Amino acid sequence: MAGSAQGQRRGILGAISEVFQYWPFLLSGVVLTVQVSLIAMICGMAIGMVVALIRIAHVPIANGVASLYVDFFRATPVLAQLIWIYYALPIITGRSLTAFVAGSIGLSLYAGSFLSEIFRAGILSVERGQSEAALALGMSRSQAMRRVILPQAVTRMLPPIGSSLITLVKDSALLSIISVPELMRQSETLASLTFRRMEVLTVAAFLYFALTYPLSRGVDYLHCRFAPES
Amino acid sequence: MSEHEAHDVLIEVRNLDKSFGDLQVLRGIDLNIRRGEVVVIIGPSGSGKSTLLRCLNRLEDPTSGSVKIDGVDITTRNVNLPRVRRQVGMVFQHFNLFPHMTALENVMEGPRTVLHMSRSDAECLAQGLLVKVGLADKANGKPANLSGGQQQRVAIARALAMNPDAMLFDEVTSALDPELVGEVLNVMRKLADEGMTMVVVTHEMSFARRVADRVVFLDQGLLVEEGPPDRIFHRAGHERTRQFLDQLHWDIASE
Amino acid sequence: MGYEWRFDVLEGNLEFLLGGLGLTIGLSVLSMIGSLILGLLLGIARLSPWRGMQFVTTIYSDFLRGTPLLVQLLWIYYSLPILTGVVFSPIASAAIALTFNLSAFVSEIFRAGIQSIGRGQREAALALGMTGWQTMTRVILPQAVRRVIPPLGSVWVSLFKDTALVSVIAVPELMYRGKVLSIETYRPVEIYTVVALIYFFVTFPQARAVDWLFERARVRS
């Protein structure tokens, strides 16, 4: 690492402005971070909803598979999952995956596991009496779910779903380890380019914070509005 | 006020104002409470009764005015609050017993932690107080296993354990089932007979009539009227006081 | 699609991996203890009436919870030597980063736990003449501790999984050893599968235990 501690410190502001010259480079990383987080969120919600409904309905074999899926992805590190999907899966299937695709699949499966738990808890938290009243009116199970249960469950689920998005944005940084050119990776590249690792990392941290802070304020708002008692 | 009378005054409230934001809850309250007096504060809800009581041990901070306890102004900046609060005990509407301690431990807590009493002395004191409130056999029970009336009596014992000069009672029977109210009022009456200085906020008019030395009527933050119970309940001077008592369908003939 | 799984590659190497697990556990325990202490102090500080203290602890907590652990880890590993002039070993940097990151979450948990204790408890203690400190230690915290145990259990489980990240600064815990081994043996499939399975079998019971803690707390209230 070049430069004395003093020299580095004095030059920090100068260094940070130097880093800002590479603004577009970092921005492309931010764009990818946002993309991959949203992909994981959307796919995760789809997976999560299906898995949650399977588990609630106790569909015979599918239930076991679904539970195993959720348990497995909750009990292993995201990094281990990503590395496995990027390095091991292509060998097993014989088909190669780009880092972006591997990362998206990994994050989506990971997101699906904890989103399914959020959905499951949200649906189960709607009182029994509600579904009983709906069924007593002659609604089918799926009608009851669609017209009565889900609308009530949705509001309770909004805050934790918001939190999940924040988690995904932060975990997207792990994709740098499998070389996806998102923000973290771009920072690493920039750091070796400029030898200003500390400043680059600081800027990266602030960029992540700029993404997550509005989201967490949004989650606080959702909390107040939809789930004040919890 | 003669010097003799002045010594007698334990709690002196002067021109007390209290506002919560835009809402003014107490207006210019002047009140003296003498040693050994039982003062009962009555009034409609929202009149500021509880707020006034809580200003006396500064659980609420007055917006202006002063409160003196035994000659010491407790509303000044650098007053030692914990020390002041030792002199005045408080019993709450919702008991507020410490759920992680037994009844005995609840009563011992003040003497041990605040007065630094030894364990055995505190235990002895606590046992004695629990006997006094009629709960000797419940000493090792946790609050969750006691009825409301029992919990409130433990709460009274807990406050008494600090050997306070005065006791404040904040609607202590309002949260109790009717059949449990009597046991608490009996303990309070015993205390009054022993000469404890008491300031009681309550809706229990028969208690007020029988035990109070003085009744104070508060309405919309103003001290409307005060006097001996006989006068207030039968010959109230102010229209508003009479209205309030009428609303309660309080009928002395049925006593 | 016939991939031939050959787990014989594990012979003689399993011990190596499990040694990494030992370091994972040790690092987790160390960081957990550190963050519990730091988090408790911060959680209480967050509730202090001084605006300045509230502000600082809020910023600390928001920032550490709002940025990726990976960024914090790398920042500490590369910047601390520059700023302090002291060179920290990878393990030390890892422990420091994990402790600080977790303390932000722990402080929120303690803060919420403390605030969930009804106001009446505090008033009763103050009315007896207890100081703020006595009120906190004798009345509020003993009750809050019960409530914070399930969320802290969650934090522990996350911590355990998060240690995998420190492999990027070459701390020889389980994940790192998996990487090293998969390169040496040219068999990433079996190695990474085993690594994932080890994590699973160690973490799963703990995750279940935390679920049970939450269930028990829910039933109680």
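## Salt bridges between chains B and C

Across the interface of chain B and chain C, the rule finds two salt bridges (a side-chain nitrogen of Lys or Arg within 4 Å of a carboxyl oxygen of Asp or Glu). C:Glu123 pairs with B:Arg54 in a salt bridge, with the closest N and O atoms 2.8 Å apart. Seven residue pairs are in polar contact across this interface, both residues at pLDDT 80 or more. A polar contact is a pair of N or O atoms within 3.5 Å; within protein, one must be able to donate a hydrogen and the other to accept it, and residues adjacent in sequence count only if both atoms are side-chain atoms.

Four elements of chain B each supply at least two residues of the side that touches chain C: helix 3 (81-87), strand 6 (88-91), helix 4 (103-114) and helix 6 (148-160). Helices (H or I, at least four residues) and strands (E, at least two) are DSSP runs, numbered from the N terminus. Helix 4 of chain B gives the largest share, four residues. By class, this side of chain B has twelve nonpolar, six polar and five charged residues. Ala, Val, Leu, Ile, Met, Phe, Trp, Tyr, Cys and Pro count as nonpolar, Asp, Glu, Lys and Arg as charged, and the others, Gly among them, as polar.

## Basis of the model

This is a predicted model: local features need pLDDT of at least 70, side-chain atom pairs count only at pLDDT 80 or more, and totals for chains, interfaces and linings use all residues. Residues are numbered from 1 along each chain as its sequence is written, chains are lettered from A and ligands numbered from 1 in the order in which they are written, and side-chain values use heavy atoms, with hydrogens and water left out.

## Extent of the B–C interface

Contact (heavy atoms within 4.5 Å) links 23 residues of chain B with 17 residues of chain C. The area buried between the two chains is about 1600 Å², and carbon and sulfur atoms give 61% of it. B:Arg85, B:Phe98 and B:His100 lose the most area to chain C in chain B, together 28% of what that side buries. Buried area is the accessible area (1.4 Å probe) that two parts lose on being put together, summed over both.

## The A–C interface

Of the two pairs of chains in contact, chains A and C share the most contacts. Chain A and chain B do not touch; their nearest C-alpha atoms are 21 Å apart. Chain C and chain A each put 37 residues into their contact. They bury about 3500 Å² between them, 77% of it on carbon and sulfur atoms.

Three salt bridges are counted between chain C and chain A. One of them joins A:Arg217 to C:Asp62, with the closest N and O atoms 3.9 Å apart. Seven residue pairs are in polar contact here, both at pLDDT 80 or more. Helix 2 (51-66), helix 3 (69-84), helix 7 (174-185) and helix 8 (188-220) of chain C give two or more residues each to the side that touches chain A. Helix 8 gives the most, with twelve residues. This side of chain C divides into 25 nonpolar, six polar and six charged residues.

## Cavities

The structure holds two cavities of 30 Å³ or more. On a 1 Å grid over the protein atoms alone, a cavity is a set of points where a 1.4 Å probe fits but cannot get out, and a pocket is an open set with protein on both sides within 12 Å along at least five of seven lines; lining residues have an atom within 4 Å of a point. Grid points are joined across faces, edges and corners, and a volume is the space filled by probe spheres set on the points.

The largest cavity has a volume of about 50 Å³. Its lining includes B:Phe92, B:Phe95, B:Arg158, C:Ala124 and C:Leu128. Helix 6 of chain B gives the largest share, three residues. The lining has nine nonpolar residues, no polar and one charged. The second largest cavity, about 40 Å³ in volume, is lined by A:Asp71, A:Arg74, A:Ala75, C:Phe204, C:Ala207, C:Arg208 and C:Asp211. Helix 8 of chain C gives the most to that lining, with four residues. By class, three lining residues are nonpolar, none polar and four charged.

## A pocket in chain C

The second largest pocket has a volume of about 720 Å³. Of its 20 lining residues, C:Leu47, C:Ser48, C:Pro49, C:Arg122 and C:Met136 lie nearest its centre. Helix 6 of chain C (132-162) gives the largest share of the lining, seven residues.
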